[in-house]
Every structure is written in C-alpha cells, then in structure tokens.
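Me: I have a structure open on my screen and would like to understand the words people use for it. Could you go through it with me, term by term?

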Amino acid sequence: MGNIANIVSAAVEHNRGRIGPLMPVLHAIQKQLGCIPREAVPLVATALNLSRAEVQGVIGFYHDFHHEPLGKTVIQVCRAEACQANGGRALEAHARERLGVDFGETTADGQHSLEAVYCLGNCACSPSVRIGDEIHARVTPGRFDALISESGRDLERAPAPAIGGHKTGEGAVRVCVPMDTTAVALGADAVAQAIAAEAGERGIEVDIVRTGSRGAFWLEPLLEVGSGPDKKLFGSVKAEDVSALFDAGFPGDCEHPSLLGGLEDIPWLARQQRLTFARAGEIDPLSIAEYEATDGFTGLRKALEMQPQAIVDLVKESGLRGRGGAAFPTGIKWQTVLDAPADQKYIVCNADEGDSGTFADRLLMEADPFQLIEGMTIAGLAVGATEGYVYLRSEYPVAERVFGEAIARAESAGFLGDDILGSGKAFRLELRMGANAYICGEETSLLESLEGKRGLIRYKPPLPAIKGLMGKPTVVNNVLTLGAVSTILAKGAKFYQDFGSGRSRGTLTVQLAGNVRRGGLVEVPFGATLRELVQDYGGGTASGRPMRAIQVGGPLGAYLPESLWDTPLDYEALAEKGGMLGHGGVVVFDDTVDMLAQARFAMEFCAVESCGKCTPCRVGSVRGVELIDRIADGAQRAADMALLDELCTTMVDGSLCAMGGLTPYPVRSAVKHFAEDFDRPTS
Ligand SMILES: Cc1cc2nc3c(=O)[nH]c(=O)nc-3n(C[C@H](O)[C@H](O)[C@H](O)COP(=O)(O)O)c2cc1C
Ligand code: SF4
Ligand code: FES
C-alpha cells in the first residue's frame with residue numbers, strides 16, 4: 001500500500017495544475033504498476049478533489065484502464081473491418097483457440113492476455129496484431145503462433161524502435177528508411193539495422209535517415225537512396241536482402257530485383273497531387289532544418305504578420321472543410337471562435353482517428369509533425385487562443401513518440417512558447433493520450449475526456465466553438481484540416497481552392513485498405529471515382545478474387561456495391577448515393593465477404609463503443625445484434641427484417657449523436673445492396 005500511495009502521489013504531483021489531470025494520472029499509475037489497483041482509487045480521488053465514483057467511472061469507461069494486472073505479454077488482435085477483409089475473423093478464432101482464452105482474458109499461467117482492439121492504423125497491411133508496443137502486419141495464424149513463441153522470450157518488453165538516424169561519416173550517401181508504424185511492422189527497423197551493420201563492415205559511408213512513409217504501404221519497407229533527381233527507390237526490402245544489395249553496389253549504382261527506379265517511375269506516387277503529404281517520406285520528420293527547407297513555417301511567418309480576421313478570411317476563401325468526417329467549413333468555425341469574447345480560448349486537434357481503414361492522421365504525425373504544429377499555431381493566432389491540445393489515441397505509440405519529440409524541438413527552436421519567433425505572441429501545445437474509446441473521436445466526448453471525465457457526448461448547442469474545453473470557446477479540428485492550413489497560408493487561398501470539385505475544395509486523402517493489392521495513402525483532388533481509386537491505384541483485391549463490397553467512411557459508413565463505384569468521391573456526390581466520405585477510409589472486400597456478418601458487426605461495434613448516454617444507441621445496438629442473429633437463424637425472417645428496419649429508424653431518429661445515428665447506414669446498405677446474404681437457407 002505504501003508503494004501505491006507513493007506512486008499515486010508522484011503521478012498527481014507531476015500533473016498538478018494541468019487541465020483534466022485524471023487521465024494522465026491514471027495512465028502514469030498504470031504504467032508503473034501494470035494496473036490501477038482498487039486501493040489507488042480513493043487516494044486519487046482525495047488528491048484530485050474528486051469523488052470515488054468519478055474516478056471509478058473513468059476507469060470503467062476506457063478500455064485501456066484495468067484494476068487487475070494483465071498477463072506478462074498483452075496481445076491485441078484487431079477486430080475491425082479492414083482486418084476482417086483480409087482474414088481477420090479467422091485470425092481472431094485462431095488466437096482464441098491457440099491461447100485457450102477469450103478476448104479480455106489471461107491464460108492460466110499468467111503469460112498471455114488476449115485483448116480485442118478496433119484498428120491499429122495498419123489497415124493497408126492487415127490483419128494487424130499489437131504485442132507490447134510493437135505492431136505486426138499481415139499476420140496469418142502461422143505467424144501469430146511464431147509471435148507467441150517469441151513473446152515467451154522477451155518480446156513483450158521489446159525496446160521501442162529508434163526514431164533517430166545513424167550517420168557513418170560526412171558526405172555519406174543519404175539512405176532513407178521509414179520509421180512509420182506500418183513500415184516498422186513490415187520490418188523497417190531490421191532493415192535499417194542491417195544497412196548500418198553491413199555498411200560498417202564494408203567501410204562504406206551511409207547517412208541513414210529515419211523518415212516517415214510516403215504511404216505506399218504495398219512497397220514498404222521502401223528505401224530511398226541519394227537525393228534530388230538521382231534518388232533511387234528500392235521496394236519491399238527485407239533485412240536478409242541487405243547483404244546482396246551491398247554486393248550489387250548499394251548504395252551506389254546497383255542492379256537488384258528490389259530496385260524500382262526514381263520516384264517518377266512509380267506511377268502510383270507520381271500521379272498523386274500531394275499538398276498535405278508533400279513532405280511525407282521525403283524529409284527527416286524531426287529536422288526543423290529540413291522542414292524549413294521545404295517551405296515549412298512559411299505560413300506561420302506570414303500569419304505572424306497578419307491580423308486574426310485576415311487569417312480567418314483566407315481560410316474561408318480557400319474553401320477548406322473539416323476532414324474529420326462532418327466536412328464543416330473550417331473558416332466559419334474559426335470565425336465563431338474569433339468572435340466569441342473570452343479571456344481564454346483553445347485549439348484542440350482531434351487525432352483520435354478511430355475509423356477502421358484510416359491511418360492518414362497517424363501517417364502525418366509520424367512523417368511531418370511540424371506541419372500539424374504549424375497549423376495549430378496559425379489557428380491559435382487566428383482566433384486568439386494561446387493553448388492547444390492534441391488528443392491522440394493510445395493505439396498509436398510511434399506517433400506519440402515522434403510527435404512528443406517534435407513539440408519539444410519546436411519549443412526549443414522558438415516556434416512554440418510564450419514568444420513565437422520573437423513576435424511577442426504565445427502558443428503552447430500539449431500532447432494528451434486517449435485510452436481506447438472510439439467515441440472519444442466525437443468532439444464533445446473528446447472534450448470531456450480532455451477534462452478528465454468519461455467520454456460522454458454533450459448536448460449541442462452550445463457548440464464547442466462557443467463553449468468547448470473548460471467551457472471556453474474552442475476550435476476542434478482534425479489533424480488533416482489543421483495540416484492543410486499551413487499550405488493555405490504559405491501558398492494562398494486560390495492555390496488551394498483551385499483543386500477539387502463542387503463544394504469539396506483542395507485534395508482528398510483516401511486510405512486504401514482491407515483486401516486491396518496496393519494499399520496505402522492516396523492524395524488526389526476531390527472528384528476521382530471510387531473505381532479509379534480501387535482499380536487504378538489499388539490494383540483490385542489482394543486475394544485476386546472479384547471485389548464485392550467497398551465500405552467508405554469508417555465503421556459508420558455504407559457498404560457500396562459495384563453499381564455505385566463510379567460515384568465521384570466528394571462530400572455531396574457520395575451523400576446523394578446514401579454514402580459518406582467521412583475521414584476517407586476505403587475498405588475493400590472480395591466476394592467471400594458475408595454481408596450479414598458485416599451488418600452484425602456494425603451493431604456489435606456500436607454496442608461495444610456506445611457512450612451509453614441515450615437508449616436508441618445503447619440498447620438499440622444490442623437488440624440489433626440479437627435481431628441479426630435471429631435473421632441468420634431464419635425462423636421468422638420476414639418479420640425480423642421488418643423489425644430491423646424499424647430499429648434502424650429509431651436509431652437514426654432518436655440517437656443523440658452520429659454513433660447511434662449512423663450505425664444503421666452500414667446495416668441498411670448491406671440489406672439493400674446485398675439482400676441475398678440475408679436470405680440464405682438455414683442448415
Ligand atoms: C462517433 C464519432 C466519431 C468521430 N471520430 C472522429 C475522429 O476520430 N477524428 C476526427 O477528426 N473527427 C471525428 N469525428 C468528428 C468530430 O466530432 C468533429 O466533427 C471533428 O473533429 C471536427 O474537425 P473537422 O472540422 O476538422 O473535421 C467523429 C464523430 C463521431 C460522431
Ligand atoms: S448515440 Fe450512442 S454514442 Fe451517441 S450519445 Fe447516444 S449513446 Fe452515446
Ligand atoms: S488495423 Fe485493423 S482495421 Fe485498421
């Protein structure tokens with residue numbers, strides 16, 4: 001008990017004075033003790049002047065917090081759609097059978113705890129499994145067994161992958177190896193280590209730079225050697241290839257099957273129109289010098305010379321709309337906050353990115369974190385906010401480390417703090433970690449979480465722009481929205497506005513995931529069709545089987561059949577067809593998909609992740625699962641189908657937020673477009 005008291009008191013002391021200290025305090029206790037012992041609850045409550053019920057309520061709300069210690073190795077298996085599309089369901093079943101426990105349980109010997117997780121941001125190379133802080137890609141049942149055997153040794157406390165580079169001499173050839181989550185899951189760290197070792201043995205000078213990824217995940221680990229027009233790319237490199245690469249002349253001219261040529265030789269990359277992701281994979285994400293050499297902080301320098309209203313006007317003119325899902329015009333949101341009189345305002349970046357099939361926020365934070373820092377600082381200058389928070393999901397450990405380091409470097413270089421670049425203007429930034437709750441991506445739930453509470457949805461109005469964090473006017477924007485702001489300031493509103501179609505201006509970041517051959521991040525002007533994206537960029541299914549369904553817009557998005565694949569991807573065009581662009585997640589399924597199972601999963605996911613505040617969602621989703629199970633049984637199918645439709649109407653009409661209100665979309669689209677799967681003979 002003495003030890004617990006000391007740890008609680010140190011955690012509380014460390015977080016004293018912060019907004020909503022409860023979450024960071026609980027994270028700190030769990031990090032030290034492996035759990036939050038029940039004895040800690042009254043201690044935390046007293047120290048933070050909260051009731052025990054409030055502390056207990058928060059521990060119970062978030063999937064990450066637990067009272068009992070977990071097994072020596074914690075294994076999280078992704079249960080979300082992009083993993084399901086690639087054999088995830090079979091992997092789930094195998095994991096349960098292999099370990100002899102269900103999700104949420106620990107093996108009798110205390111070795112392994114099996115946990116369900118809903119998306120690890122590795123959706124282009126699914127199925128995904130996380131062991132400790134390591135994420136593994138394309139995990140088959142066989143690979144799962146191998147990982148479990150390795151975890152018996154010391155994998156569960158594997159050292160975090162390095163985020164720095166390695167230089168063997170001045171004038172050495174630049175060799176970029178991504179440190180991005182997916183690249184690392186595919187072996188990038190081992191490749192970097194092998195290059196350093198091989199170069200050392202051969203006395204060859206190399207400058208290994210750990211970049212982010214360009215998002216061409218189907219080619220990761222992707223090496224980029226040299227710089228400028230002579231740069232050469234090598235795709236899908238494995239650590240065991242490295243010696244042969246050096247034998248062939250690497251890093252100089254060399255012939256090797258992994259050599260892809262220059263950037264322009266890869267149409268998948270060359271055809272894209274990159275604004276927000278222009279630097280991704282190109283620069284050292286933590287080098288301010290490289291960021292500035294590629295137009296970084298140009299927008300901020302301009303903003304420092306501008307009046308707040310002029311910045312807001314520029315963002316309005318650009319036509320930028322929020323990339324988090326609702327597509328609300330960013331300039332109008334900022335105007336509301338600018339016009340709201342208050343002694344304190346906040347900028348909150350929503351980096352919760354819970355949608356299955358999406359990973360763009362993660363990629364940007366790992367590949368180009370200063371762009372987000374710059375965008376948030378500009379937002380602060382525009383509306384008169386001096387404090388910002390980035391709320392990042394705990395499923396992204398690499399983004400946490402890279403972004404945390406980027407904040408520290410930006411502070412010491414004077415781009416953040418009380419006197420930005422000697423202007424006398426202030427903006428401070430803090431990174432806050434979520435604790436595994438999908439609903440905390442909804443902006444009001446996120447604000448509750450930042451305040452250290454359960455992530456219950458707030459009634460709107462008042463909007464966060466009027467009454468947000470701690471009741472103060474607050475801009476809540478997605479990572480990509482804030483990222484785009486630096487481009488708009490640097491290049492002008494017209495430059496940005498010139499891209500796009502209809503009311504959807506600028507570029508769209510599509511994330512191709514699930515059962516797709518060339519999965520990854522594609523940035524193109526709005527208006528490309530779904531077919532172009534999944535065929536031309538995606539290359540069809542990874543399994544080689546016919547494509548059957550595409551889910552666009554995350555777990556609350558509709559399943560689209562082939563007849564709708566020629567719809568242009570802009571907010572209005574897709575909405576007209578009953579779809580939703582959301583955060584740009586595109587999850588491809590081949591013809592083995594069971595659409596009744598997908599509809600069931602939509603209801604199940606809602607039941608697991610509902611905040612519980614309103615009945616249509618909290619109870620409706622549970623009833624939805626039961627109904628779909630009955631439909632599968634087939635005893636009174638017609639009546640149950642009618643009841644399911646009625647239930648969906650109740651959820652759409654009666655839910656307080658889009659979690660319950662949109663869950664019927666995947667369900668109804670599955671029923672409408674894939675009716676045959678709901679009418680199978682029963683055995
Ligand atoms: C259930 C639910 C989950 C959401 N998850 C996210 C998310 O993970 N990231 C995000 O930026 N927005 C998410 N949103 C949208 C936010 O509520 C909000 O609209 C957005 O952060 C505003 O930023 P934007 O204007 O830049 O899009 C979610 C909304 C709902 C209803
Ligand atoms: S719809 Fe669901 S998530 Fe939204 S407020 Fe109601 S219970 Fe909470
Ligand atoms: S990693 Fe499994 S759905 Fe994203």
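Reply: Happy to! Let's begin with ligand 2: by class, its shell holds 8 nonpolar, 4 polar and 2 charged residues. Please keep in mind that this is a predicted model.

Me: Which residues come nearest to ligand 2, and what makes a residue part of the group around it?

Reply: A residue is near a molecule if its C-beta atom, placed from the backbone, lies within 6 Å of it. Around ligand 2 there are 14 such residues, and C611, C614, C617, C657 and G660 come nearest. Two elements, α25 (615–633) and α27, give two or more residues to this shell.

Me: What makes C611 nonpolar and G660 polar in that count?

Reply: That follows from the classes used: Cys counts as nonpolar, whereas Gly is placed among the polar residues.

Me: And ligand 1, how many residues surround that one?

Reply: The number is 21, and the closest are G322, G324, G441, N478 and T481. By class they split into 7 nonpolar, 9 polar and 5 charged. β15 (474–478) and α27 (658–662) each supply at least two residues, and β15 gives the most, with 3.

Me: Why is ligand 1 said to lie between two domains?

Reply: Ligand 1 lies between domain 4 (288–497) and domain 6 (595–678) because both give residues to its shell. The other domains are domain 1 (2–61), domain 2 (73–157), domain 3 (166–270) and domain 5 (500–590). The centres of domain 1 and domain 2, taken over C-alpha atoms, are 29 Å apart.

Me: How do you know whether A40 is buried or exposed?

Reply: You count neighbours: a residue is buried if 20 or more other C-beta atoms lie within 10 Å of its own. A40 has 24 of them, so A40 is buried. A40 lies in helix α3 (residues 40–48).

Me: What does A40 touch, leaving out residues up to four places away in sequence?

Reply: The contacts are I4, V8 and I29. Contact here asks for C-beta atoms within 7 Å. As for P525, 485 residues away along the chain, its C-alpha atom is 52 Å from that of A40.

Me: What makes β7 and β8 a pair?

Reply: Two strands pair if at least two bridges are found between them. Strand β7 (residues 173–178) and strand β8 (residues 206–211) have 6 bridges, in the parallel sense, with V175 opposite I208. β7 also pairs with strand β9 (residues 223–225) over 2 bridges, in the antiparallel sense. There, V175 stands opposite V225.

Me: Why are β14 and β15 called edge strands?

Reply: Their sheet is open and has 4 strands in the order β14-β13-β12-β15, with parallel pairing. β14 (428–433) and β15 each have a single partner strand, so one side of each is left without a neighbour in the sheet. On average, neighbouring strands of this sheet are turned by 20° against each other, direction ignored.

Me: Which strand does β15 pair with, and over how many bridges?

Reply: β15 pairs with strand β12 (residues 346–351) over 5 bridges, in the parallel sense. Within that pairing, V348 has V476 as its bridge partner.

Me: Which helix lies across β13 and β14, and at what angle to β14 does that helix run?

Reply: Helix α18 (residues 397–412) lies across β13 (387–392) and β14, running at about 165° to β14. Such angles go from 0 to 180 degrees between N-to-C directions.

Key:
Residues are numbered from 1 along each chain as its sequence is written. Chains are lettered from A and ligands numbered from 1 in the order in which they are written. This is a predicted model: local features need pLDDT of at least 70, side-chain atom pairs count only at pLDDT 80 or more; totals for chains, interfaces and linings use all residues. Domain bounds come from an automatic or database domain assignment. A residue is buried if 20 or more other C-beta atoms lie within 10 Å of its own, exposed if 12 or fewer, and partly exposed in between; C-beta atoms are placed from the backbone. Two residues are in contact if their C-beta atoms, placed from the backbone, lie within 7 Å.
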